[in-house]
Amino acid sequence: MKDLRIGIDLGGTQVKLGIFQGEVLVDKWEISTRREDNGSHILGDITDSIENRLKAKNINKEKILGAGIGVPGPVDEKGVVHGCVNLGWGVFSIEEELSGLLAIPVKAGNDANVAALGELWQGGGRGYRDMVMITLGTGVGGGIILDGKIRAGVHGAAGEIGHMPVVYDETEVCNCGKKGCLEQVASATGIVRTATKLLKNSERASALRTIESFTAKDVFDEAKKGDAIASEAVEKLGEYLGIAAAHIACVIDPEIFVIGGGVSKAGEVLIHMVGKYYKEKAFKGSREAVFALATLGNDAGIYGAARLL
């Protein structure tokens with residue numbers, strides 16, 4: 001009986017891998033991502049690592065249903081990668097190539113979408129069918145799950161909510177080349193940027209003035225203590241995320257928004273802030289969407305990858 005699945009989360013520095021039996025993660029490990037030579041070694045390294053692990057665990061490949069992989073770039077519904085700048089990859093069918101190397105079926109998806117699928121399966125979105133995941137880290141990512149399935153879009157770019165325009169008078173340019181993206185105000189770097197502007201344009205006292213090179217965590221920590229500047233920066237982040245979620249809901253109408261990434265470690269204060277502005281801005285038909293924190297952490301990618309099967 002084929003009751004085992006392999007989940008692969010391909011990152012720019014590390015590749016996380018896991019073996020699942022049903023819903024249970026029974027083994028996980030990591031290898032380094034070799035990006036030299038335009039990433040030509042990556043799939044071979046993944047294959048060798050899996051083959052060696054199966055041999056060490058005395059697992060017969062006939063028990064493997066297949067492997068799923070999350071990739072840091074757009075992947076369409078046919079399993080074709082449309083370029084991964086960080087890996088040096090162009091356009092090719094990763095499903096066909098990796099399946100040929102492993103001699104088992106392979107399914108692929110964008111890493112953010114795949115992580116969202118993992119959270120829907122066994123994380124913060126468990127029990128729901130229609131979910132939008134918002135990942136707040138150095139940037140802002142997202143994943144859209146409708147009727148339990150990833151919606152990648154024609155070019156694999158669905159869920160790129162970090163580049164939704166929300167600040168219409170922005171003068172600085174986002175990494176994507178546009179101005180006013182959500183990522184500029186709602187990421188870890190975004191909240192630091194907002195707090196820095198507030199400090200520059202005000203003479204109000206703030207503990208942030210005493211911290212050299214303060215971080216997003218510092219901003220949230222000081223906000224929880226009642227610091228006025230930090231609280232205003234957190235309020236701004238919540239407002240822009242609430243606006244973005246309201247825009248998304250007008251199109252998707254999800255049951256739940258799951259928030260993950262490093263910034264989500266701020267906890268319930270973040271959920272409360274975003275939810276407050278969402279209810280204020282959202283269309284009444286979708287106003288009751290739930291907001292929750294992601295729970296799988298760095299394992300969301302391998303869970304989602306295994307679920308692709």
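This section describes the overall fold, the two largest pockets and selected residues of a predicted model.

The protein chain contains 10 helices and 12 strands. Its C-alpha trace spans about 65 × 45 × 35 Å along the principal axes. The radius of gyration is 20 Å. A compact globule of 309 residues would have a value near 19 Å, so the chain agrees with that expectation. Of the 309 residues, 52% count as buried. The exposed surface of the chain amounts to about 14,500 Å². Carbon and sulfur atoms supply 50% of that area. Contacts were also sorted by sequence separation. Among those with a separation of 6 or more, 59% join residues 24 or more positions apart.

Empty space was examined next. Rolling a probe the size of a water molecule over the atoms shows where such space is left. The largest pocket has a volume of about 1,200 Å³. It is lined by 45 residues, and those closest to its centre are Asp-9, Asp-111, Ala-112, Ala-115 and Thr-135. Several elements each supply at least two lining residues. The strands in this group are E1 (4-10), E2 (14-21), E5 (80-84), E8 (131-136), E9 (140-146) and E11 (256-260). The helices are H4 (111-122) and H10 (300-307). H4 gives the most, with 5 residues. By class, the lining has 15 nonpolar, 23 polar and 7 charged residues.

The second largest pocket has a volume of about 300 Å³. Of its 17 lining residues, Glu-77, Lys-107, Ala-108, Ile-150 and Leu-308 are the closest to the centre. Strand E7 (106-110), H4 and strand E10 (149-150) give two or more residues each. E7 provides the largest share, with 4 residues. The lining divides into 6 nonpolar, 4 polar and 7 charged residues. H4 thus appears in the lists of contributing elements for the largest pocket and for the second largest pocket.

Helix H10, which helps to line the largest pocket, is mostly covered. Of its 8 residues, 7 are buried. These are Ala-300, Gly-301, Ile-302, Tyr-303, Gly-304, Ala-305 and Ala-306. They pack against strands E1, E2, E3 (24-32) and E4 (64-71) and against helix H4.

Tyr-303 illustrates the setting of this helix. Its relative accessible area is 12%, below the 20% cut-off, so Tyr-303 is buried. Beyond its neighbours within four places in sequence, Tyr-303 is in contact with seven residues listed here: Phe-20, Glu-23, Leu-25, Gly-118, Trp-121, Gln-122 and Leu-296. Phe-20 falls within the range of E2, and Gly-118, Trp-121 and Gln-122 fall within that of H4. Tyr-303 and Gln-122 are 181 residues apart in sequence. Their C-alpha atoms are 7.8 Å apart in space.

Strand E4, one of the elements against which the buried residues of H10 pack, contains Ile-64. Ile-64 has a relative accessibility of 1% and therefore counts as buried. With neighbours within four places in sequence left aside, the contacts of Ile-64 are Lys-2, Leu-4, Ile-6, Leu-54, Ile-59 and Ile-104. Leu-4 and Ile-6 fall within the range of E1. The C-alpha atoms of Ile-64 and Asp-3 are separated by 6.5 Å. Along the chain, these two residues are 61 residues apart.

Backbone geometry was examined last. Most residues other than glycine have a negative phi. Asp-37 has a positive phi of about 55° although it is not a glycine. Asp-37 lies in helix H1 (residues 36-39). At 53% relative accessibility, above the 50% cut-off, Asp-37 counts as exposed. Asp-147 likewise has a positive phi, of about 55°, and is not a glycine. Asp-147 is placed in the loop between E9 and E10. Its relative accessible area is 44%, so Asp-147 is partly exposed. E9 contributes to the lining of the largest pocket, and E10 to that of the second largest pocket.

Methods:
Residues numbered from 1 in each chain as written. Predicted model: local features only at pLDDT ≥ 70, side-chain atom pairs only at ≥ 80, totals over all residues. Heavy atoms only, no water. 1 Å grid on protein atoms, 1.4 Å probe; cavity = no way out; pocket = protein on both sides within 12 Å on 5 of 7 lines; lining within 4 Å. Points joined across faces, edges and corners; volume = space filled by probe spheres on them. Nonpolar A, V, L, I, M, F, W, Y, C, P; charged D, E, K, R; others polar. Rg over C-alpha atoms; globule rule 2.2 N^0.38 Å. Buried < 20%, exposed > 50% of the residue type's maximum accessible area, 1.4 Å probe, protein only. Contact = heavy atoms within 4.5 Å. Areas by Shrake-Rupley, 256 points an atom, 1.4 Å probe, with all protein chains shown as cover.
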